[in-house]
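Visitor: Please take me on a close look at one part of this model, the second largest pocket, and the packing around it. I would like to know what lines it and how the pieces beside it fit together.

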Amino acid sequence: MRLPRRRFPPETWATTCALLQDETVYQHQEIIQQPCGKRLPILVNAVPLSSSHWHSMEPSEHHSLDQCEQECLALVIHQDVSALKQAESLKDEFIGIAAHELRTPLAILKTAVSSFIHQAVRGHGTLLEDWQLERLEDVEQATNRLTDLTKDLLDVTRLQSGRNVLQRAPTNIVALTRRVVERFARMTTRHHIELQTAQEALEVTINAKRIEQVLTNLFSNAIKYSPQRGSVIVRFAARPAENMLEIQVQDTGIGIPQQQQASIFGHFIRADNARAAGISGTGLGLYLCRMLVEQHGGRLWLTSEEGKGSAFFLTLPIGDVSQGENATAT
Ligand code: ADP
């Protein structure tokens, strides 16, 4: 897999995190650049050795207690995962090819079913019984779901391979968000969807299509995981110190169980309550959203309470952003 070239600040390194937070860091993915220029993917486990640990040792085991209390020590294990990454890249390539090949037959199926339904509803051609029309509508829905899934799979493999450069331009995020809000408001009568802002224009430097995709996914989830009814509120907040704009999408749905919140942005991860409620999904949407937001230099995170609702937050860069090496890829 070709990874975007980015120099991560020392405070994000596993060893520094372990020492600063005084917590063991497991399986942190990092990349080492060797003197010859070769990049080595590694997994890092870092265990901080606290001063209490040192106190429990015999004084002769180290130079002097005073010195050790001031020193930061950690046990760090680096594991070369090049072979694993290579296998992962082969798997991604296979998924990419399969998804790509599925697109054409799915498009043919979709067009054929839609035109049958269209004809039948208009009373053209052979008259269909109600049950036949219902079955055709089931096929249309299933085809749409498959088309969405192949699109997401293709997106994941493209984003991971870093093939396309993400083109960004100054964009009015208020107008873009309003468009998405209005689109969803037309699709549901059981949900109240509201954009809370007094501003008419806020400029961020983004790839508008990709951020619209992120917002669409967050809105679609907010509605899907509020199966009874509920409200979805969107707010903006400036973060001048970081030169970022924060967008919040809050819902009053089923929420995400506390113990699953940390892993929910992984691929194919779904919460138990969503499965138990019989709500269908693939667990790819949030993974894609986080990747897209991070490739803009922003962050995506959540707060949630099971049974009460969730709020998703994302930050996007304000002002001019260079399209250089750090501008990453889609
Ligand atoms: P999908 O919805 O297709 O399963 P996502 O990646 O978009 O995939 O979401 C991953 C999981 O996160 C969902 O399956 C669901 O368990 C949980 N989730 C996402 N958004 C919400 C939300 N607004 N409210 C409750 N649960 C959510």
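Guide: Happy to! Let's start with the chemistry of the walls. In this predicted model, the lining of the second largest pocket divides by class into 18 nonpolar, 17 polar and 11 charged residues. The volume of this pocket is about 1500 Å³. Its lining counts 46 residues, and those closest to the centre are Asp152, Asn217, Ser220, Asn221 and Lys224. Several elements each give two or more residues to the lining: helix 5 (130-161), helix 6, helix 7, helix 8 (272-276), helix 9 (285-295) and strand 10 (309-317). The largest share, 10 residues, belongs to helix 7.

That makes helix 7 a good place to look next. Two packed helices are described by the angle between their axes and the distance between the axes. Helix 7 (residues 208-224) and helix 6 (residues 173-187) have axes that come within 10 Å and cross at roughly 40 degrees. Only angles under 35 degrees count as roughly parallel, so helix 6 and helix 7 are described as oblique to each other. Their crossing is right-handed. On the helix 6 side, the contact is made by Ile173, Leu176, Thr177, Arg179, Val180, Val181, Arg183 and Phe184, while helix 7 brings Ala208, Ile211, Glu212, Leu215, Thr216, Phe219, Ser220 and Ile223. By class, this contact has 10 nonpolar, 3 polar and 3 charged residues. You may recognise Ser220: this residue takes part in the contact with helix 6, and it is also among the residues closest to the pocket centre.

Helix 7 has another partner in helix 9. The axes of helix 7 and helix 9 come within 10 Å and cross at roughly 145 degrees, and this crossing is left-handed. Here, Arg210, Gln213, Val214, Asn217, Leu218 and Asn221 of helix 7 meet Gly285, Leu286, Leu288, Cys289, Leu292 and Val293 of helix 9. By class, the contact of helix 7 with helix 9 has 7 nonpolar, 4 polar and 1 charged residues. Two more names return at this point: Asn217 and Asn221 belong to the contact with helix 9, and both are listed among the residues closest to the centre of the pocket.

Now turn to helix 5, another contributor to the lining. Helix 5 packs with helix 4 (residues 82-121) at an angle of about 155 degrees, and the two axes are 8 Å apart. Angles over 145 degrees count as roughly antiparallel, which is why helix 4 is described as roughly antiparallel to helix 5. The crossing of this pair is left-handed. Its contact residues divide into 16 nonpolar, 9 polar and 6 charged.

One last stop, on the backbone. Asp22, in the loop between helix 1 (14-21) and strand 1 (25-33), has a phi near 55 degrees, a positive value in a residue other than glycine. Gln27, found in strand 1, also has a positive phi, near 50 degrees.

Key:
Residues are numbered from 1 along each chain as its sequence is written. This is a predicted model: local features need pLDDT of at least 70, side-chain atom pairs count only at pLDDT 80 or more; totals for chains, interfaces and linings use all residues. Side-chain values use heavy atoms; hydrogens and water are left out. Axes are lines fitted to C-alpha atoms, for helices over the stretch in contact, and angles run from 0 to 180 degrees between N-to-C directions. Helices (H or I, at least four residues) and strands (E, at least two) are DSSP runs, numbered from the N terminus. Angles under 35 degrees count as roughly parallel, over 145 as roughly antiparallel, 65 to 115 as roughly perpendicular and the rest as oblique. A crossing is left-handed if the near helix is turned anticlockwise from the far one by less than a right angle, and right-handed if clockwise. Contact means heavy atoms within 4.5 Å. Ala, Val, Leu, Ile, Met, Phe, Trp, Tyr, Cys and Pro count as nonpolar, Asp, Glu, Lys and Arg as charged, and the others, Gly among them, as polar. On a 1 Å grid over the protein atoms alone, a cavity is a set of points where a 1.4 Å probe fits but cannot get out, and a pocket is an open set with protein on both sides within 12 Å along at least five of seven lines; lining residues have an atom within 4 Å of a point. Grid points are joined across faces, edges and corners, and a volume is the space filled by probe spheres set on the points.
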